Amino acid sequence: MSRRTSAKANRGRMNAGLLAGGALVALVVLTALVSFFWTPHDPTLVDAAGKLREPGGGYLLGADKFGRDTFSQLMVGARTTLYVGVVAVGIAAALGVPLGMAAGMTPRGWLSELIMRVNDLVFAFPALLLAVMLGAVYGAGTLTAMIAIGVATVPAFARVARAATLQVMVTDYILAARAAGRRRGAIALRHVLPNIGSMLIVQASVSFAIAILAEAALSFLGFGTRPPTPSWGRMLQESQELLFSTPRLALWPGIAIALAVLGFNLLGDGLRDFLDPKLRRIRAER
Amino acid sequence: MRRIGIWIAAGGLLLATAACGGGSGNGSAGTGGTPKAQSLSVGFVAEPANLDFTSTEGAAIPQALLVNVYEGLVKLDQNGEIVPLLAEKWDVSPDRKTYTFTLRENVKFSGGAPFTADDVTFSLDRVKSDWKLKIKSQLDVIDKVEKKDDSTAVVTLKRPSNGFLYSMATRLGAMFSRTGVADLANKPVGTGPYVLSSWRRGDSIQLAANPSYWGTKPPLGAITLKYFKDATAMNNALLTGGIDVISSVQAPESLQQFADPGRFETVEGTTNGEVVLSMNNGRPPFDDKAVRQAVRHAIDHKALLDTAWAGRGQLIGSMTAPTDPWYEDRTGDYPYDPAKAKQLLGGKTYNVKMRIPNLPYAVNSAQVVKSQLAQVGINAEIEPLEFPARWLDQVFTKGDYDLSIINHVEPRDMGIFADKSYYFRYDNPEFGKLLAAADEGTEQEQTDDLKQAAKLLSDDAAADWLFLFPNLIVAKKGVTGLPKNAIAESFDFTALAKQ
């Protein structure tokens, strides 16, 4: 009885999280997609006459000190955010997953040790510091920010992939596949990867949230997206000196960042609950 | 997992409000030791790398030390006039090649040694032999320096020079003790009203009143120069009482925070800082005068100043400041006219690199310049470079840029355009001739020649002059003796007091 109630509560919560997260993420993605075709105004056009324009009259959220439309900037900023997130998480997954799987499939070999110790080393290095360093050496920009965030996220993927692979490797079907003489590569692709996929998706969603925050922080520090390409972090930074006189300029990008990060986290949590085999089994028993 | 999620989301909000919290730091450093009324704390943005301005470039060192710790024979007053300091008076020979300085009596270095004509010859000879700065060539005009007696020094020039005495009022003319140059980077020894009492690297420099000062004793017993990395942090420090004065406001839109006249006072004066939109005259497309002229016509300078620097500052149009005797308003040479600009470009479009220092005024101005150039068909890609190291290396030293934006703060610095290896890569022999004639001629000839030179620069569109950087000081109410204009190299503390 008690088990059933908890499962029921669990399911209710996971659906709410998944739905809310999915909705927020969909909103950000949709905004970014629309910004490719339409924005109310040119987000980078400087208009001295419209300096600090109040909201209203075609300018939904007003304009900044350069007379640029805040709403248009937020829309294009969503694009920047997603772009950085996709590429950074892509880099992290493309490097981290194969490494983690290799380590997981040869748990007692020197390769596994080597991969995981190098992993620990990278893990100990803060992503922001890496990005600031790369920015100082190769010039600040979206690309360096994406690479730095991506590389710093590799260990997270490698660890999750390794742990999941270890679990999968002791299952009967892997044993059967090995007994049938399948090559390692084939086992990795046909049997391991599909079975650890759900955990990787969850990891990607959470990493995405971290990447968004990192991009905002880097742009805030002047090491991210180059001006005048709109970016939520730089919008915050540029509104700093106006925080007391025109607080809305800091408020909107702040809310945008918070919602996007919250969205991806809720989505990750919801997906985890949804895809967790144990929870699935509980549901099946009912 | 869920907990991590919430923390990260909270982080987003935290970032949004980071500007409120940061920066008040470890509070007032100027109150330790001396009674509170006797000391003041002044906020600056760039900390000096060391304290030796004879070997290290950078405006921060003379800003802190010149006039305050080191003194020259002469100094610049608030109107840009040359007035006596360690020299009571000076006589110039009829051929304008010999300067006889009569030195003040009873002047001592902070180490205890008396100041005599021997120190004058020592200091000026040292410029040639030991200094490592580019600007030391300004004193190449000196033929010899001799001691006539203990209180008389004679400087003989190779040719008449109008710039000589002016250079003597800058860091080049600072007087050093023969026994006090062993460790200039850490232990400055001068004759000034203040001495260095401590330097906490990365944080602050403390100056204390010099008990054996020859002149009027400064009203304050101690001054703390507090260094900040960030304009907002400095603003917050003033709001919360961590400092008493912001030496130079780096975020002019934030001035509203200090609008309360019961608490704060804002001083707005002028500087020598021309914010220059540099164009690389040495390579396409800006080796073409028509393209450079198009840029000047394409920029709405009034709109730029209003948006990028809150309308503070002044529009100038060439490489001179209004405090120079030869200043003329040249903003009318290239009025804002996008149609004319397009016509000059002949319908062509260009892609150029705008490599700027990552400083607030440059990043702000660049976005306006980019937007306005785009209207006439020049697409400028902005690349902020870390300042000073990377910008100096890439743009200033290697000249690898098309457009850049930098505030040229040195006083009377039109001469940099005469050096064709300078990063502008501007090469017009006519300009060099005008400058040479100006230096040798009479005062009237100098003024006339330099007026012509400034006009030539503007006509040639050797660069574009965005605006003259304002001197914006905010202080707590009751602070007096603030230097209104920043036209010399130092931030003059000598009159600073607190009621």
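Here are three short exercises on a predicted model, each with a worked solution.

Residues are numbered from 1 along each chain as its sequence is written, and chains are lettered from A in the order in which they are written. In this predicted model, local features need pLDDT of at least 70, side-chain atom pairs count only at pLDDT 80 or more, and totals for chains, interfaces and linings use all residues.

**Exercise 1.** Find which elements chain A has, and how many of its residues are buried, in percent.

Solution. Start with the elements, which are DSSP runs numbered from the N terminus: helices (H or I, at least four residues) and strands (E, at least two). Chain A has 10 helices and zero strands. Next, call a residue buried if 20 or more other C-beta atoms, placed from the backbone, lie within 10 Å of its own. Of the 286 residues in chain A, 48% are buried.

**Exercise 2.** Work out how many residues each chain gives to the contact, and which helix of chain B gives the most.

Solution. Two residues are in contact if their C-beta atoms, placed from the backbone, lie within 7 Å. Chain A supplies 38 residues and chain B 35. On the side of chain B that touches chain A, helix 1 of chain B gives the most, with 11 residues.

**Exercise 3.** Describe how helix 7 of chain B lies against helix 9 of chain B.

Solution. First fit lines to the C-alpha atoms over the stretch in contact, with angles from 0 to 180 degrees between N-to-C directions. These axes come within 9 Å and cross at roughly 135 degrees. Under 35 degrees is roughly parallel, over 145 roughly antiparallel, 65 to 115 roughly perpendicular and the rest oblique, so helix 7 of chain B is oblique to helix 9 of chain B.

Definitions and conventions:
Buried ≥ 20, exposed ≤ 12 C-beta atoms within 10 Å, placed from the backbone.
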